[in-house]
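Dear colleague,

Please find below the structure I promised to hand over, together with its sequence. My notes on what was found follow directly after it.

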Amino acid sequence: MDSKEAQSQIAQMISFIASEAQDRASEIQKKGEEEFSIEVHRVVTEQKEKIRGTYEKKAKMIETQYAIAKSMAINKQRLEKIKARQEVMNQIEADVGPNLVKEGQNAAFITKLIVQGMLMLLEDEVVVKCRAADAKLVKGCLSAAQSEYTNLIKKETGASKTCTLSIDTLFLKEGCLGGVALSCFGGKISIDNTVDIRLRLTMEQAKPAIRALLFPNA
């Protein structure tokens with residue numbers, strides 16, 4: 001083989017090797033670009049999901065805070081309405097009280113309160129407690145109450161039953177509107193028939209009607 005042929009073969013080999021190297025380099029570059037593109041897409045997708053997740057959490061938190069705030073505002077408004085209605089009811093009770101104090105000075109009214117208590121106890125001996133200021137008035141009603149009690153028992157059952165009444169040595173607490181409290185067996189059984197308890201019971205029973213009248217849209 002002469003020198004020219006050798007150089008030609010070498011040139012062909014160099015050209016082949018260069019071509020192979022270029023193809024290989026192109027493949028590596030293409031693969032690198034594809035991997036880079038995939039990695040970029042993955043990173044972008046992850047960041048998008050992260051941002052979306054963060055946004056959804058914040059949105060959910062805002063919705064929850066709004067729901068809590070709304071619920072608290074509604075409850076506060078409801079409680080304020082309840083408080084306002086109760087204040088009106090309390091004022092009505094306070095306004096009625098003084099008028100009932102006058103009724104507590106009525107002998108017929110006191111007699112009825114005593115008889116009611118006697119009918120609930122149905123005992124032979126009953127002690128009547130009243131305010132110190134009403135002691136004379138109540139004492140004057142005992143005889144009439146005993147007679148009315150006996151007559152009512154006779155009328156309703158046909159039985160003859162009597163009850164002995166006496167005034168308690170202790171009096172009702174200060175501030176009581178009047179009326180009486182009855183007890184027997186040394187105070188073990190008692191009936192509160194004071195004006196205060198009667199007013200409280202009446203107000204409790206009348207609450208729906210009063211509320212409907214005063215607060216029709218409540």
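**Charged pairs in helix 1**

Glutamate 46 is partly exposed, with 43% of relative accessible area. Please bear in mind throughout that this is a predicted model. The partner of glutamate 46 is arginine 42: the two form a salt bridge in which the closest N and O atoms are 2.5 Å apart. Arginine 42 is partly exposed as well, at a relative accessible area of 36%. Both residues belong to helix 1, which covers residues 3–103, and they sit four residues apart, or about one turn of the helix.

A second pair involves glutamate 49 and arginine 52, whose side chains meet in a salt bridge with an N to O distance of 2.6 Å. These two are three residues apart in helix 1, and about one helical turn separates them. Glutamate 49 has a relative accessible area of 47% and is partly exposed; arginine 52, at 40%, also counts as partly exposed. In general terms, side chains of opposite charge can pair when their charged atoms come close.

**A salt bridge between two loops**

The structure holds four salt bridges. One of them joins lysine 161 to aspartate 124, with 3.0 Å between the closest N and O atoms. Lysine 161 is in the loop between helix 4 (142–157) and strand 2 (164–167), while aspartate 124 is in the loop between helix 2 (107–121) and strand 1 (125–129), so this pair ties together parts that lie 37 residues apart in sequence. Lysine 161 is partly exposed at 23% relative accessibility, and aspartate 124 is partly exposed at 48%.

**A buried charge without a salt bridge**

Which side chain of opposite charge is nearest to aspartate 196, and how far away is it? It is arginine 200, at 5.3 Å; aspartate 196 is buried yet has no salt bridge. Because a salt bridge requires the nitrogen and the carboxyl oxygen to be within 4 Å, the distance of 5.3 Å to arginine 200 does not qualify. Aspartate 196 is part of helix 5, residues 195–214. Leaving out residues up to four places away in sequence, aspartate 196 touches Gly175, Cys176, Leu177 and Gly178.

**Glycine 179**

Glycine 179 belongs to strand 3, which comprises residues 179–184. Its relative accessible area is 0%, and glycine 179 is buried. With neighbours within four places in sequence set aside, the contacts of glycine 179 are Ile110, Leu113, Lys129, Cys130, Leu172, Asn193, Thr194 and Val195. Glycine 179 and leucine 100 are separated by 79 residues in sequence, and their C-alpha atoms are 9.6 Å apart in space.

**Two positive phi angles**

Most residues other than glycine have a negative phi. Leucine 122 has a positive phi, near 55 degrees. Leucine 122 is located in the loop between helix 2 and strand 1 and counts as partly exposed at 42% relative accessibility. Phenylalanine 185 likewise has a positive phi near 55 degrees, and this residue is found in the loop between strand 3 and strand 4 (189–194).

**The chain as a whole**

The protein chain contains five helices and four strands. Read from the N terminus, the order of its elements is α-α-β-α-α-β-β-β-α. How does the radius of gyration of the protein chain stand against that of a compact globule of 218 residues? The globule would have a value near 17 Å, whereas the protein chain has 49 Å. The C-alpha trace spans about 160 × 35 × 30 Å along its principal axes.

Of the 218 residues in the protein chain, 21% are buried. The accessible surface of the protein chain is about 16100 Å², and carbon and sulfur atoms account for 58% of that surface. Among contacts with a separation of 6 or more, 73% are between residues 24 or more positions apart. Finally, the protein chain carries 32 positive and 29 negative charges, and the mean positions of the two sets are 11 Å apart.

With kind regards

Note on methods
Residues numbered from 1 in each chain as written. Predicted model: local features only at pLDDT ≥ 70, side-chain atom pairs only at ≥ 80, totals over all residues. Heavy atoms only, no water. Rg over C-alpha atoms; globule rule 2.2 N^0.38 Å. Buried < 20%, exposed > 50% of the residue type's maximum accessible area, 1.4 Å probe, protein only. Contact = heavy atoms within 4.5 Å. Areas by Shrake-Rupley, 256 points an atom, 1.4 Å probe, with all protein chains shown as cover. Lys, Arg positive; Asp, Glu negative; His and termini not counted. Charge placed at Lys NZ, Arg CZ, Asp CG, Glu CD.
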